Amino acid sequence: MNIKNIILIGFMGTGKTKVGKLLAKRLGRKFYDSDKLIEEREGKKISLIFQEKGEAYFRWLETQVIAELSSIPEGTAVIATGGGVVLNETNLGYLRQHGVIIALMASPEEILQRVSADKNRPLLQVDDPLGEIKRLLAERSPLYAKADLSVDTDRITPPEVVDKIITLLGH
Ligand code: S3P
């Protein structure tokens, strides 16, 4: 049994929140979502934080929240992060302290399908969201590859992703 906390990273729409909640339930752990904590702290949706204060401010908040989450006792938590958490190496350093990092992966087409109805993803409110997803994925793939483990989520449901993770972790 892996005693560390489980940290989910990955692009928008790869299912980090849904999978994280289910995984926490299956393992009897507490679930944390860094985006939700940021929204609670600011009292605003992420789209509004971006709009009013800009991405740099959001990234600063994100690092504060990640630093706090990294001190949760080992073996008690499943933590879902925002898709851009990998952009700051410091964040991964914090998360590695007590966690095993798992990257959820998906194809650009499947990501588009999963996020298309959601207006709370400011980075994808552009004329060509598929092109933007491809561009950001190309930029970020080497960063997601720094995870300890990686799971392909294409064409499978969140409970199936959870099964895959549990098998990988040897639970
Ligand atoms: C972001 C992903 C979002 C959220 C913010 C920025 C990104 O989280 O943190 O909109 O840079 O990829 P999700 O991955 O949960 O959508």
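For the composition counts that follow, Ala, Val, Leu, Ile, Met, Phe, Trp, Tyr, Cys and Pro are taken as nonpolar, Asp, Glu, Lys and Arg as charged, and the others, Gly among them, as polar. Good morning, colleagues. The structure before you is a predicted model, and I shall speak about its largest pocket and the ligand.

I begin with the pocket. The volume of the largest pocket is about 850 Å³. Its lining comprises 37 residues, and those closest to the centre are Gly13, Thr17, Asp35, Asp118 and Arg121. By class, the lining holds 14 charged, 12 nonpolar and 11 polar residues. Several elements contribute at least two lining residues each, among them helix 1 (16-27), strand 2 (30-33), helix 2 (34-42) and helix 7 (158-169).

I turn now to the ligand. Where does the ligand sit? The ligand occupies the largest pocket. Around the ligand there are 13 residues, of which Lys16, Asp35, Arg59, Arg121 and Arg140 are the closest. This shell consists of five charged, five nonpolar and three polar residues. Which helix gives the most to the shell? That is helix 3, spanning residues 46-69, with three residues.

Finally, the polar contacts. In the side chain of Arg121, an N or O atom is 2.6 Å from an oxygen atom of the ligand. For the side chain of Arg59, the corresponding distance to a ligand oxygen atom is 2.7 Å. Gly84 takes part through its backbone, where an N or O atom lies 3.3 Å from an oxygen atom of the ligand. As for coverage, the ligand on its own has 390 Å² of accessible area, and the protein covers 95% of that area. Thank you.

Key:
Residues numbered from 1 in each chain as written. Predicted model: local features only at pLDDT ≥ 70, side-chain atom pairs only at ≥ 80, totals over all residues. Heavy atoms only, no water. Near = heavy atom within 4 Å. Polar contact = N/O pair within 3.5 Å; in protein donor to acceptor, adjacent residues only side chain to side chain. Areas by Shrake-Rupley, 256 points an atom, 1.4 Å probe, with all protein chains shown as cover. 1 Å grid on protein atoms, 1.4 Å probe; cavity = no way out; pocket = protein on both sides within 12 Å on 5 of 7 lines; lining within 4 Å. Sits in = over half its atoms within 2 Å of the grid points. Helix = DSSP H or I, 4+ residues; strand = E, 2+ residues; numbered from the N terminus. Points joined across faces, edges and corners; volume = space filled by probe spheres on them.
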